[in-house]
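Please look over the sequence and the structure below before reading on. The paragraphs after them take the helices and then the cysteines in turn.

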Amino acid sequence: ITSLVRIDFQQLEDALGLDVLLLVRFLISKAKLFFVVSLMCSCILIPTFYTGMNKDRAEGDPRRTIGLQRISIVNLDAEASWQYWAVLLVQVLVALCTFLSLYSDYEDFTASRQRYLASSNPSNFSVLVDNISLERLSGSMFFKPCQEFCPNDVPQIYLVPDYRETSRQMR
């Protein structure tokens with residue numbers, strides 16, 4: 001995990017692309033979230049569960065807890081209201097931390113995607129479609145649906161009959 005924290009993100013983006021970079025950053029973010037949530041739950045819930053009374057019950061009582069049950073919610077009495085409130089508070093904190101983490105990642109990812117799409121990368125402007133007969137097709141047939149779904153996002157459509165040959169000649 002420590003090697004993930006020392007990743008050169010720019011080098012990763014240049015070598016593998018933005019999608020891989022965003023996936024790696026998402027995984028690193030969730031690993032950090034897991035660490036924080038685990039630490040919080042361990043520091044709050046284990047002592048709360050251990051203060052429960054079921055560990056002190058008589059030997060034959062079916063509610064008696066042993067082993068790891070002593071640090072789980074099973075050890076709490078039904079009447080232990082403050083302990084259940086502590087569990088609810090931790091659940092709300094975990095949900096809040098998760099929400100804030102996901103929201104932060106979403107903001108970061110959308111900003112990265114907008115920066116990438118605003119760059120002058122030729123792949124942002126080209127869509128290659130293969131195995132379509134060009135005899136009855138024209139650029140306007142593709143342009144009209146693009147204008148309906150994404151108005152003003154597609155400036156022009158060019159049909160290249162044999163793009164593979166054209167790309168070979170450009171190299």
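What follows is a walk through helix packing and cysteine geometry.

This is a predicted model, in which local features need pLDDT of at least 70 and side-chain atom pairs count only at pLDDT 80 or more, while totals for chains, interfaces and linings use all residues. Residues are numbered from 1 along each chain as its sequence is written, and side-chain values use heavy atoms, with hydrogens and water left out.

Helix 4 covers residues 81-118, and its end C-alpha atoms lie 55 Å apart, which agrees with the 56 Å that its 38 residues should span at 1.5 Å a residue (the expected span is 1.5 Å times one less than the number of residues). Among its buried residues (under 20% relative accessible area, with a 1.4 Å probe and protein chains only) are V87, V90, D105 and F109. The buried residues of helix 4 pack against helix 3, residues 18-50.

Helix 3 also meets helix 2, residues 9-16, where the two axes come within 7 Å and cross at roughly 140 degrees. In this contact (heavy atoms within 4.5 Å), F9, L12, E13 and L16 of helix 2 meet L18, V20, L21, V24, R25 and I28 of helix 3. By class, the contact between helix 2 and helix 3 comprises eight nonpolar, no polar and two charged residues.

Turning to the cysteines, the count of disulfides (pairs of cysteine sulfur atoms within 2.5 Å) is zero. C41 is in no disulfide, the nearest cysteine sulfur being that of C97, 9.2 Å away. For C43, the closest cysteine sulfur is in C41, at 9.5 Å, which is too far for a bond.

Key. Helix = DSSP H or I, 4+ residues; strand = E, 2+ residues; numbered from the N terminus. Buried < 20%, exposed > 50% of the residue type's maximum accessible area, 1.4 Å probe, protein only. Axes fitted to C-alpha atoms, helices over the stretch in contact; angles between N-to-C directions. Nonpolar A, V, L, I, M, F, W, Y, C, P; charged D, E, K, R; others polar.
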